[in-house]
2 protein chains.
Amino acid sequence: MKKTTENTLYDVAELFKNFADSTRIRILHCLFENERSVNEIADLLNMNQSAISHQLRILKNSKLVKNRREGKTIYYSLDDDHVYNIICQGIEHVEE
Amino acid sequence: MKKTTENTLYDVAELFKNFADSTRIRILHCLFENERSVNEIADLLNMNQSAISHQLRILKNSKLVKNRREGKTIYYSLDDDHVYNIICQGIEHVEE
DNA sequence: AATATATATGAACAAGTGTTCATATATTCA
DNA sequence: TGAATATATGAACACTTGTTCATATATATT
């Protein structure tokens, strides 16, 4: 394995910050199967639209989700298999 | 795969909180090869002993590290292969 | 018992974070 | 163009978190 530098470890911490909030984990998890609109996500999680929108922006900036517009609606989906894998490994850990 | 409940996702977020701080990631990373004493860790990370001790308690409570006493010295080590694997996956993600 | 060394802990403080509210922007449809 | 719907954004606030300082506890040594 490549040598892990100090800087890499800072970036890893930054990455994990995204997964360190239950709202964001729930958002990411509900994107496991399908893409979903902002309002769908808000309904599913029973939270208000603004809160979801703020969190989606964080996930977007970190490139963990991507989105596409279709008319008025914006659909979000996971950007990367890594996201799925990291969360699955977290789930496995806590389910033991 | 087992059905993921809402509670599981909360626990997953709690788990990832441990990895969401660069001090804790650096502590865990420096335990990859060897167990290490508190002062060794503090020296390696160039941080004061109290800060390290506080963080080690958090990691201990979450069962990510374990420790053993040998005289005055307390040696910490990773508690679980999952910890190593999750961090490695994080490293791979950011190194791409 | 007294001293030195290793680690842990509590209080305090600064900095960061997530949600809400109000409002702005963008798109569609009548 | 005006109204309706979907999403985004900024400000404010409460809450959490990481570090430092001072000090406590535990062990070893003399």
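**Exercise 1. The protein surface along DNA strand C**

Find which element gives the most residues to the surface near DNA strand C in this predicted model, and list the other elements that take part.

*Solution.* Start with the main contributor: α4(B) gives the most, with five residues. Next, widen the view to every element that supplies at least two residues of this surface: α2 (22-30) and α4 from chain A, and α3 (38-45), α4 and β3 (73-78) from chain B. Finally, sort the residues by character, which yields five nonpolar, 13 polar and six charged.

**Exercise 2. Base or backbone on strand C?**

Work out which parts of DNA strand C face the protein, and pick out side chains that contact a base or a phosphate.

*Solution.* Take the nearest residues as your guide: of the 24 around DNA strand C, these are T23(A), N48(A), S50(A), S50(B) and Y76(B). Then look at the DNA side, where sugar or phosphate holds 68% of the atoms within 4 Å of the protein and bases hold the rest. Now zoom in on single contacts. The side chain of S50(B) places an N or O atom 2.6 Å from a base oxygen of strand C. Phosphate oxygens are reached by Y76(B), with a polar side-chain atom at 2.6 Å, and by S53(B), with a side-chain N or O atom at 2.9 Å.

**Exercise 3. Turning to strand D**

Repeat the analysis for DNA strand D, going from nearest residues to single contacts and then to elements.

*Solution.* Of the 24 residues around DNA strand D, S50(A), Y76(A), T23(B), R24(B) and S50(B) come nearest. Sugar and phosphate make up 67% of the strand D atoms that come within 4 Å of the protein. For a base contact, go to Q49(A), where a polar side-chain atom sits 2.8 Å from a base nitrogen. For phosphate contacts, go to chain B: T23(B) has a polar side-chain atom 2.7 Å from a phosphate oxygen, and Q55(B) has a side-chain N or O atom 2.8 Å from one. As for elements, α4(A) gives the most to this surface, with five residues.

**Exercise 4. The strands around β3(A)**

Describe how β3(A) pairs with β1(A) and β2(A).

*Solution.* Begin with β1 (residues 36-37) of chain A, which pairs antiparallel with β3(A) over two bridges; here R36(A) stands opposite Y76(A). Move on to β2 (residues 65-70) of chain A, also antiparallel to β3(A) and joined to it by six bridges. One of these pairs R68(A) with Y75(A). Close with the hairpin between β2(A) and β3(A): two residues lie between the strands, and G71(A) takes a positive phi near 65°.

Technical notes: Residues numbered from 1 in each chain as written. Chains lettered and ligands numbered in written order. Predicted model: local features only at pLDDT ≥ 70, side-chain atom pairs only at ≥ 80, totals over all residues. Heavy atoms only, no water. Near = heavy atom within 4 Å. Polar contact = N/O pair within 3.5 Å; in protein donor to acceptor, adjacent residues only side chain to side chain. Helix = DSSP H or I, 4+ residues; strand = E, 2+ residues; numbered from the N terminus. Pairing = 2+ DSSP bridges. Nonpolar A, V, L, I, M, F, W, Y, C, P; charged D, E, K, R; others polar.
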